[in-house]
Amino acid sequence: QVQLVESGGGLVQPGGSLRLSCAASGSIFSITVMGWYRQAPGKERELVASITSGGSTNYADSVKGRFTVSRDNPTVYLQMNSLKPEDTATYYCNARVRTDWRTAARDYWGQGTQVTVSS
């Protein structure tokens, strides 16, 4: 099995910064894509940012220029700057993992960490 453990959420004022971390552990053969999703109350879960094993990144338009995703296997980070109230949500780590060379990759999720941006 694979576990993803997130840390770094909390309460921050508008304009502030937070850094989220997510460490993968367990039976890992390889990790392709790692990323962050978020879900606000009453809304669907949405992609925030992702990064491939080769370092290619993808961002939601709403966070471009403010958030930066990086990875140092088996950990993925999300540096969030210039935070806005609309960034308030539960943030979930995602990793696409192969547990051995015979098995297709599948998605694993962290338990979620709350980010609240409020004065």
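**Close-up views around strand β9**

**View 1. Strand β9 is largely enclosed by the rest of the structure.** Of the 10 residues in β9 (residues 89-98), 8 are buried, so the rest of the structure largely encloses this strand. Buried here means under 20% relative accessible area. The model shown is predicted. In a regular strand, side chains alternate between the two faces of the sheet.

**View 2. Strand β4 pairs with β9.** β4 covers residues 30-39. β4 and β9 run in the antiparallel sense, with 8 bridges between them. Two residue pairs help to trace the contact. Gln-39 has Thr-90 of β9 as its bridge partner. Tyr-37 is matched with Tyr-92, also in β9.

**View 3. Strand β10 pairs with β9.** β10 spans residues 106-109. Its pairing with β9 is antiparallel and counts 4 bridges. Look for Ala-95, whose bridge partner in β10 is Tyr-108.

**View 4. Strand β11 also pairs with β9.** β11 comprises residues 113-117. The two strands are antiparallel and share 3 bridges. One marker is Ala-89, which stands opposite Val-115 of β11.

**View 5. β4 and β5 form a hairpin.** Besides pairing with β9, β4 pairs with strand β5 (residues 46-51). This second pairing is antiparallel over 5 bridges. Gly-35 stands opposite Ser-50 in β5. Between the two strands of the hairpin lie 6 residues. Gly-42 sits in the turn and has a positive phi of about 80°.

**View 6. A disulfide joins Cys-22 to Cys-93.** The structure holds 1 disulfide. Its S to S distance is 2.1 Å. The bond links distant parts of the chain, with the two cysteines 71 residues apart. Cys-22 belongs to strand β3 (residues 18-26), and Cys-93 to strand β9. Both cysteines, Cys-22 and Cys-93, are buried.

**View 7. The disulfide of Cys-22 and Cys-93 is left-handed.** This view turns to the geometry of the bond. The torsion about the S-S bond is about -80°, so the disulfide is left-handed.

**View 8. Strand β9 with its partners.** This last view brings the pieces together. β9 pairs with β4 over 8 bridges, with β10 over 4 and with β11 over 3. Each of these pairings is antiparallel. β9 also carries Cys-93, which the disulfide connects to Cys-22 of β3.

How values were computed:
Residues numbered from 1 in each chain as written. Predicted model: local features only at pLDDT ≥ 70, side-chain atom pairs only at ≥ 80, totals over all residues. Heavy atoms only, no water. Buried < 20%, exposed > 50% of the residue type's maximum accessible area, 1.4 Å probe, protein only. Pairing = 2+ DSSP bridges. Disulfide = S-S within 2.5 Å.
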